[in-house]
Structures are given as C-alpha cells and as structure tokens.
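Here is a friendly walk through one model, with the enclosed spaces, one strand and the aromatic rings as stops. Please keep the viewer open as you read.

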Amino acid sequence: MTFKTQYGFTLVADLYIPKSSHSGDKREAIAVCGPFGAVKEQCSGLYAMKMAERGFITLAFDPSFTGESSGEPRRTASPDINTEDFLAAVDYLSMREDVNADRIGIIGICGWGGIALNAAAVDPRIKATAAMTMYDMSRVNGNGYFDADNNEEARFAARKALADERIKASKTGSTTSGGGVVDPLPEDAPQFVKDYYDYYKTPRGYHARSGNSNDGWHTFGCQAYANTRFLHYINEIRNAVLIVHGEKAHSRYFGENAYEYMMNGKAEGYDFVRKPNPVPENKELMIIPGASHCDLYDGGANNAIPWDKLNDFFDKYLN
C-alpha cells in the first residue's frame, strides 16, 4: 500500500493486521522504519511483523528516495523530509477506520531511531516512541564516528569534498555512488564494520533494493545532516520514550547521550543546554547485555531484541 507525504512523495509500505482483529475494532498502531539506508523488507518488516503478532496494527515503510518509495535522486537523506516521512505514516494510520488515532506509536531503528525522537519531539500525536540501537545522524555526519572529526578544520575539509562532488554532479547530470557496506571486508576492519558486513552482505540481511547492501548513498546524499543538530527539543517530549541499545554496540553513546539530554537538558556531545524534561517518569534507557549494534536488527545469535519489553511498553502507553 502507499501514502503521500506533504512534500508530495509517495511512500510504499507493508501493512500488518493482527489475526485477532475483528471488523469494527479500533486498534493501537505502530509505524516502523529503519535502519538508515535499509528497506522495509529488512529490519523494519521484522519489527512490524513481530509487533502485529502481539496485537498491534503495524506499518513498515520505505522512506523517501529509498526502496520502492518515490523521490529523486535516489539514496538521498534529509532531516526534515525524513521526519516528515514518520509524520505522514502517522497521518495514514490515524485515518484508518480500524486504528484508534489517539493510540499511535513509532519504532525507529539505527539512524531512524534518532529520526523517531525528532518526530516525537515535533508531533504529540505520537504517544510512544521506541528508538532501537539508535544513531544521531546529524551528529555522526557533522562530527564523524565517536566525534573524531569534531573540529572546524575537519568539517571544512568534508565540506570542500562535498562541494567538489556537487560540481561533478552538475557537470555530468548524475550523482556518484558513495558505496554501501565495504566489500570485500578488510581483515583489519573495526568490529562494527564486520557486524554490518555480516548483516547487509550475507543472506542474513541482504536485499537487492537496500542501499547498505549495495551501492550506498550518493556522495553528498547526507550533506544536509552534516549541517544540522536536530535533537534540540527531545527534552520536551512529554509522551513515552524507550531507548534500547546493546551493551557492546559501537553506537551506544548516541543513545546514552540522547537519553541524558532528553532527561536532564544537557549531555556530552550536545552543545545546547535546556531545562530537564517535564515528564521524566515515562522515559527509559534499556541496555541489552552482550548485544552488538546489529544484534538489534534481527536478534543476532542470541535473540537480543526484547520483544516482551516492546510489547509491554507499547501496551502500557498506547492504552
């Protein structure tokens, strides 16, 4: 099925209806997206299917410029358009006759975990938000991994490289692929790169439409994120939020810092300070022992995704 965003893009989604649904029922609903660069047939479809098995109407969608959804050039990302993708999904669900419009939540995975928080900050219709193994895409694009490039000279060099790529695209009329997950995998690759390879490049998670599994973003596809810090108002989210990370996830610092800022209005890695959250009691950070970043994509070898916790969280806050 499809629905439109306010920018005019057509998003393609898979809808999951619980077997226990009856005609005339109005159910709780959850929109799911992520990871950043993935398609709905990967993690988001799994999450949607599993939550539908627990009684929720769920929607897993391809974001703008990605998968089966519309938007040119392909493999482009935008903080405002990606946030709108989640809001448009909420629009669609709220108009369904079998959905209770006052009981809608969202799940964002990896980069879409941060986007989910951004959406929840701007739209109080989202009654519960789960950010799974989240990235702050604005932070990692602006500062590099682990904030290693958090200085003016590094950012200027990156800006110059992106400007050169834009000139090249203007001259040729086409963008250049930046490449997906590295392949072949170097022996000295960091563990988190090996984890990405194990998911995206093997039958475990490979999909032909997935940018991460194939040619990746185009070279300046994420440029807008590099010049944005888009979690500024998450400490004003009044509805429920659950942030989940693996103990061994390289991305754990994103979630822990976002949680600290959401609760207390300040945190390492954020250069803005605001007041503590007015409703702290419905916010939670959950760390899964022994789990890596990609273990929360599909459960990994030890079924790391806390399905019962997600069920209890959404059952509590959507009811």
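## Cavities

In this predicted model, a search of the whole structure turns up two cavities of 30 Å³ or more. The largest cavity holds about 60 Å³ of space. Its lining draws on P35, F36, G37 and A38, then P63, S64 and T66, then T76, A77 and N82, and finally the two tryptophans W112 and W217. Sorted by class, that lining has seven nonpolar residues and five polar ones, with no charged residues.

The second largest cavity has a volume of about 30 Å³. Around this second space you will find G37, T66, R75, R209, S210, G211 and W217. Here the classes come out as one nonpolar, four polar and two charged residues. If you select G37, T66 and W217 in the viewer, you will be looking at residues that line the largest cavity and also line the second largest.

## Strand 4 and its neighbours

Next, have a look at strand 4, residues 57-61. How many of its five residues are buried? Five of the five are, so the strand is largely enclosed by the rest of the structure. Both of its faces are covered: I57, L59 and F61 are buried on one side, and T58 and A60 are buried on the other.

Which strands pair with strand 4? Strand 2 (residues 10-16) pairs with it in the antiparallel sense, over four bridges. Within strand 4, L59 has L15 standing opposite. Strand 3 (residues 27-33) runs parallel to strand 4, and four bridges join the two. In strand 4, I57 has A29 as the residue opposite. Between strands 3 and 4 the chain passes through helix 1 (residues 43-53), making a β-α-β crossover that is right-handed.

## A stacked aromatic pair

Now for the rings. Across the whole structure, the search finds 28 aromatic pairs. One of them is formed by F3 and Y92, whose ring centres are 5.6 Å apart with 20 degrees between the planes, a stacked arrangement.

This pair links distant parts of the chain: F3 belongs to strand 1 (residues 2-4) and Y92 to helix 2 (residues 79-95), 89 residues apart. Are the two partners buried or exposed? F3 is buried, with a relative accessible area of 7%. Y92, at 18% relative accessibility, counts as buried because the cut-off is under 20%.

## A tilted pair and an aromatic cluster

Y196 and Y200 offer another pair to inspect. Their ring centres lie 6.2 Å apart and their planes meet at 35 degrees, so this pair is tilted. Why are these two tyrosines separated by about one helical turn? Y196 and Y200 are four residues apart in helix 6 (residues 191-200), and that spacing is why. Y196 is buried at 10% relative accessible area, while Y200 counts as buried at 1%.

Both tyrosines also belong to one aromatic cluster. Alongside Y196 and Y200, the cluster takes in Y135, Y145, F146, F192, Y199, Y253, F254 and Y297.

Note on methods. Residues are numbered from 1 along each chain as its sequence is written. This is a predicted model: local features need pLDDT of at least 70, side-chain atom pairs count only at pLDDT 80 or more; totals for chains, interfaces and linings use all residues. Side-chain values use heavy atoms; hydrogens and water are left out. On a 1 Å grid over the protein atoms alone, a cavity is a set of points where a 1.4 Å probe fits but cannot get out, and a pocket is an open set with protein on both sides within 12 Å along at least five of seven lines; lining residues have an atom within 4 Å of a point. Grid points are joined across faces, edges and corners, and a volume is the space filled by probe spheres set on the points. Ala, Val, Leu, Ile, Met, Phe, Trp, Tyr, Cys and Pro count as nonpolar, Asp, Glu, Lys and Arg as charged, and the others, Gly among them, as polar. Buried means under 20% relative accessible area, exposed over 50%, partly exposed in between (1.4 Å probe, protein chains only). Two strands pair if DSSP finds at least two bridges between them. A crossover is right-handed if, with the strands pointing away from the viewer, the path from the first strand over the helix to the second runs clockwise. Rings of Phe, Tyr and Trp (its six-membered ring) pair if their centres lie within 6.5 Å; planes under 30 degrees apart count as stacked, over 60 as edge-to-face and the rest as tilted.
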